[in-house]
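Student: I have a structure open at the bench and would like to talk it through with you. Could we take it a piece at a time?

Tutor: Gladly; let's have a look together.

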Amino acid sequence: MHENATTKVAVTTSVTPVHGRPEFSKHRNSNHQRNLSLDFRSMGIVLPPINHPSHHRNRSLDSALTKIPEVDVIPSPECPEPICAPMSDPNIHSDDSGIGSSEMTSSCSRESLSCSEPSPSKQGSYDAQTFDKVSKSFLLRLIESKLFDMPMAIMYLFNSKEPGVQRYIGDKLFSFDDNSVDFFLPQLISMYIQMDDIAEAIDPYLVHRCRKSCDFSIKCAWLLNAFHDLNSESKSRGGQLISTILNEHYKQGPSEPTTLDSFNLLTKKTHCRSRSDSSMVNLNGIQIVRERNFLGDLSSGMAFDNKCSCTEQIAECHCGAPRMCSEVEFIKCLTTLGRDLAKQPTREARTTYLYSQLSLINKNLPAKVWIPLYNCNHHILSIPPRVAAVLNSKDKAPFIIYVEVAEVEDAERSPLTTRVSNLRQTRSEENLTRCESQDPKPEINNQNMFIVAGDIRRRLTVSTDIKSSSPTDPEDPSAAALKELWSEKEKRVREVSPYGGLSNWKLLPVIVKTGDDLRQELLASQLLLTLHSIWMSELVPLKVFPYKILCLSNDAGLIEPVLNTISLHQIKKQSKNSLSAYFEDEFKENTLAKARKNFIESCAAYSLVCYLIQVKDRHNGNILLDNQGNLIHIDFGFILSASPKNLGFESSPFKLTSEMVDVMGGLDSDGFKYFKLLILRGLIASRKHMDRVLSVVQIMQSANSQLPCFRAGATAVIGSLKCRFHLNLTESQLISLVDNMVESSLHSITTKLYDGFQYYTNGIL
């Protein structure tokens, strides 16, 4: 018996360790602990050695803790369908349990949300790791929920540091409406330029939209041009994208390869023209291929013709014609005109030069070009010169034009309206068609025909015969252009237009501004739209009237005019009465109450806007009154930390004068109490959605810190903006705050001094 026991002990001590691993030292520091319940050696059972090439940790238990339920993911059109298949490895074995495992591998972008795992040697504790994985599970569920909208997506995209989360949100962009994404296009472009990890995440979406829409491609190129430093390295991501878009690498036909070389117009095999017939045009240092003989030459009459020979029945262009150059050249003509106007010595010289240049541009219209400030579903027919006007500006020369367009389904593929020939005025489409069929038309291609110089002169005569029915101020010709009712202006222009008989005729206004940086105006417009959306969702009747801004570069852009308005300066200058007297004369008894209500609601809205984003330069030339009684602020060139001459002279929370209070009904009136109540309700509603406002500003600041409104620094600007929401105050304390703001604004001495300064320096009443 003793002998058998001795033998057993000897055998046991010579047994090879389980799974053939060497014995560990007693003092080895390891997080791994042996499962004694499965230690067969303690039971006296001898196991044969198992020789494996290498040991792999069994992660099946770890993966179970972090497993996230599968959800339906909308694949991006630019990426192939992700293939997620189980992969088994014969060399992967269990730990001490002897249980084999197989792991799921996937190339989809949710890997950082559900599949990422730190190495065992770097794991701190299972509790911290589990908390991190559970939080990612909640984030995935949030992203896939119906509550996840575009404002939330842009906020998470900017704040996330995980590449997997960024790629997942980048794919999520495909599920949003194009208009909701286009609102945040300046933020997306800014992040694309400055943040490489986010650029990789959103690049498939931008490429997809550029291939889908010529209008989106051009807007991307303009924003990249505005936010990108052209003096930086040309190999930067932003510079490469500009060149790629404007050289039309994203133009792709069904039978064409997708390599970058295939998009180069100089090497495209499907183009029948020789290289000697092509030349390069330079747009702010960017090379664009164009037609040498016609494109950009205003004297040719075909300056905006890209020579596309494809018909409207073809969905994609196969002839190799540059699809964006016509639009780029048209906008370039307008911005060049704005810069040349600033060089003219007098106001009369500017007006004369404007008329002559618009007449020259009209020689090249109609064309497949559009006003990018609006949707691109139209073709420009003509720009009546005599309706245009040069706006007031001391150093610059912004001008307003009214563009006749024909609405179409697709600006690229829809047929172009034929130029009017041998016809002074047309009253119907039938007359226009009959006249075209009677004239000989030597065709250049399927869409264009030659016209003689006499026809051009007759067309221009019709346009220059347009006279204004509104009284004009010789010192301010733009006042009459903006004061005239829009319905009357449309009717007046259509009556004398050669294209007025077309059923799809429409008139579009646009302001062309050069020499000014409109990026701050663009930011202010986004903030106004954000606050307007917040107040609408919270059912607060505050009225703001944001207008569209399109930045073409860092010193040029297009602005949507505010129609049917007149400035407070012009009211005082023309009527010689107070604002309340003008208000009562302009609106009759049956409309006076409604107009006063509109005035109070809009005045309260812009007062709160001016306080939250610190709008300065609030003289009476920048405050308008429309024909419904709404008070509208324009020109947001000084916001946040910026002020005229950086003096910070306007110290009141917002501009509120005694004349405005008189329109409301006086200090003791119900209208004035309603005014203060609206400010209070608007501030409470804005506090609930403060993050939406902050995210718009933070993203722009991170990528455009050189803008004047951010010169005080990110900490100061963002911190001050956040403080103005007063999250630490109760509603009763907010009531006292609003009363103090209204009182200090009404009796502000700096407001009166600034109005006096504008009067003595610029003549603004």
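Student: Is the crossing of helix 8 and helix 10 left-handed or right-handed?

Tutor: Bear in mind that this is a predicted model. Helix 8 covers residues 185-194 and helix 10 covers residues 214-227, and their axes come within 10 Å. The handedness of their crossing is right-handed.

Student: At roughly what angle do the axes of helix 8 and helix 10 cross, and is that oblique or roughly perpendicular?

Tutor: The two axes cross at roughly 60°. Roughly perpendicular would need 65 to 115 degrees. The crossing angle therefore makes helix 8, relative to helix 10, oblique.

Student: How many nonpolar, polar and charged residues are in the contact of helix 8 with helix 10?

Tutor: Helix 8 brings Leu 185, Pro 186, Ile 189, Ser 190 and Ile 193 to the contact, while helix 10 brings Phe 216, Cys 220, Leu 223, Leu 224 and Phe 227. Sorted by class, these come to nine nonpolar, one polar and no charged residues.

Student: Now to Ala 367: is it buried or exposed?

Tutor: Ala 367 sits in the loop between helix 13 (347-362) and strand 5 (378-382). Its relative accessibility is 5%, and the cut-off to apply is under 20%. Ala 367 therefore counts as buried.

Student: Which residues is Ala 367 in contact with, leaving aside its neighbours within four places in sequence?

Tutor: One of them is Leu 416, which is 49 residues away in sequence but 6.9 Å away in space, C-alpha to C-alpha. The full set for Ala 367 is Phe 304, His 379, Ile 380 and Leu 416.

Student: Which strands stand at the edges of the open sheet in the order 11-12-13?

Tutor: Three strands make up this open sheet, and their pairing is antiparallel. An edge strand has a single partner strand, so one side is left without a neighbour in the sheet; that applies to strand 11 (565-567) and strand 13 (631-633).

Student: Which residue in strand 13 stands opposite Ile 623?

Tutor: Strand 12 spans residues 623-626 and pairs with strand 13 in the antiparallel sense, over three bridges. Opposite Ile 623 in strand 13 stands His 633.

Student: Which helix lies across strand 11, strand 12 and strand 13?

Tutor: Neighbouring strands of this sheet are turned by 35° against each other on average, direction ignored. The helix in question covers residues 568-575 and runs at about 80° to strand 11. The name you want is helix 19.

Terms used
Residues numbered from 1 in each chain as written. Predicted model: local features only at pLDDT ≥ 70, side-chain atom pairs only at ≥ 80, totals over all residues. Heavy atoms only, no water. Pairing = 2+ DSSP bridges. Helix = DSSP H or I, 4+ residues; strand = E, 2+ residues; numbered from the N terminus. Axes fitted to C-alpha atoms, helices over the stretch in contact; angles between N-to-C directions. Contact = heavy atoms within 4.5 Å. Buried < 20%, exposed > 50% of the residue type's maximum accessible area, 1.4 Å probe, protein only. Parallel < 35°, antiparallel > 145°, perpendicular 65-115°, else oblique. Left-handed = near helix turned anticlockwise from the far one by under 90°. Nonpolar A, V, L, I, M, F, W, Y, C, P; charged D, E, K, R; others polar.
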